[in-house]
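Grab a coffee and open the viewer. Below are some short exercises, each with a worked solution to follow step by step.

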Amino acid sequence: MISDSDKPKVLITGAAKRIGLALAQALMPDYQILISYRDPNTNVDALRAQGIQCYQVDFNDDEAIAQFSQTIQSEHETLRAIIHNASSWQSESLEPNKAALIAQMMQVHVSAPYQINFALQSLLNHSDTAGDIIHITDYVAQHGSHKHIAYAASKAALANLSQSFAMQFAPNIKVNSIAPALIRFNPREDQATREKNLNKTLMQIEPGEQEIIKAVEYLLNSSYVTGTTINVDGGRHLV
């Protein structure tokens, strides 16, 4: 049995809730997990109690990103993968300052992964196996959004980063995207809203985070897939 200290390390950003949290818990048996989080909560406390290294960082702040990257470099010699999951879901209807909104979306979803990828590239270079960078994008990256225009544009830019970094970092590092649609209902949604969202997909189910975990595991186990997007949308693109 491999000891925890010998397990390869996976860094997951924004892992204090939902998809990021589920990924941290699912991958923990096979990997040493490092996470970033913005705001403290009980999930972070629980992860830390399980031996996961948790780093508080605000990706709206370039200095914080640089310090975070330097800390990872100083504390860890290698990384098996980076999963960029940190996200901010803001709507134009709730933000009158449109310049600030688009700047924030691009900062969190594009600038932060861009900076971290370059800063930690050397940790992902392995002689025995290719490292991985996985960007969690969104269904709307390819299709746009009526209510979250800046968010959709920034996720599209993140998907484009996957292609550019795949070319830049090959063959030592594979870079891909995973684009979810409905994965888990928002607890605040009423039944009518849930039914409406289900009817946007062909499969008409709430699949849960396990579908993203399966996609991540596929990419980590692949030796050949890079520069592509795995769509986890239940056939929504055909509806």
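Helices (H or I, at least four residues) and strands (E, at least two) are DSSP runs, numbered from the N terminus. What you're looking at is a predicted model, where local features need pLDDT of at least 70 and side-chain atom pairs count only at pLDDT 80 or more, while totals for chains, interfaces and linings use all residues. Residues are numbered from 1 along each chain as its sequence is written, and side-chain values use heavy atoms, with hydrogens and water left out.

**Exercise 1. Find the residue other than glycine with a positive phi, and place it.**

Step 1: Check Arg18, whose phi is near 50°.
Step 2: Place Arg18 in the chain: it lies in helix H1.

**Exercise 2. Work out how H1 and H9 pack against each other.**

Step 1: Take H1 (residues 18-27) and H9 (residues 210-221); their axes come within 10 Å and cross at roughly 55°. Axes here are lines fitted to C-alpha atoms, for helices over the stretch in contact, and angles run from 0 to 180 degrees between N-to-C directions.
Step 2: Name the angle. Under 35 degrees counts as roughly parallel, over 145 as roughly antiparallel, 65 to 115 as roughly perpendicular and the rest as oblique. H1 and H9 are therefore oblique to each other.
Step 3: Get the handedness, which is left-handed if the near helix is turned anticlockwise from the far one by less than a right angle, and right-handed if clockwise. H1 passes H9 in a right-handed crossing.
Step 4: List who touches (contact means heavy atoms within 4.5 Å). H1 brings Ile19, Ala22, Leu23, Ala26 and Leu27, and H9 brings Ile212, Ile213, Val216, Glu217 and Leu220.
Step 5: Sort them by class. Ala, Val, Leu, Ile, Met, Phe, Trp, Tyr, Cys and Pro count as nonpolar, Asp, Glu, Lys and Arg as charged, and the others, Gly among them, as polar. That gives nine nonpolar, no polar and one charged for the contact of H1 with H9.

**Exercise 3. Trace the strand order of the open sheet and find its edges.**

Step 1: Look for pairs (two strands pair if DSSP finds at least two bridges between them). The seven strands run in the order S3-S2-S1-S4-S5-S6-S7, with parallel pairing.
Step 2: Spot the edges. S3 (53-56) and S7 (229-232) each have a single partner strand, so one side of each is left without a neighbour in the sheet.
Step 3: Check the twist: on average, neighbouring strands are turned by 15° against each other, direction ignored.
Step 4: Zoom in on S1 (residues 9-12) and S4 (residues 81-84), which pair in the parallel sense over three bridges. Leu11 has Ile82 of S4 as its bridge partner.

**Exercise 4. Which residue forms a salt bridge with Asp132, and where do the two sit?**

Step 1: Apply the rule: a side-chain nitrogen of Lys or Arg within 4 Å of a carboxyl oxygen of Asp or Glu. The count comes to six salt bridges.
Step 2: Pick out the partner. Asp132 pairs with Arg80, the closest N and O atoms being 2.7 Å apart.
Step 3: Locate both ends. Asp132 is in strand S5 and Arg80 in the loop between helix H3 (62-75) and S4, 52 residues apart.

**Exercise 5. Find the cis peptide bond.**

Step 1: Look at omega, which is about 0° for the bond joining Ala170 and Pro171.
Step 2: Place Pro171: it's in the loop between H7 and S6.
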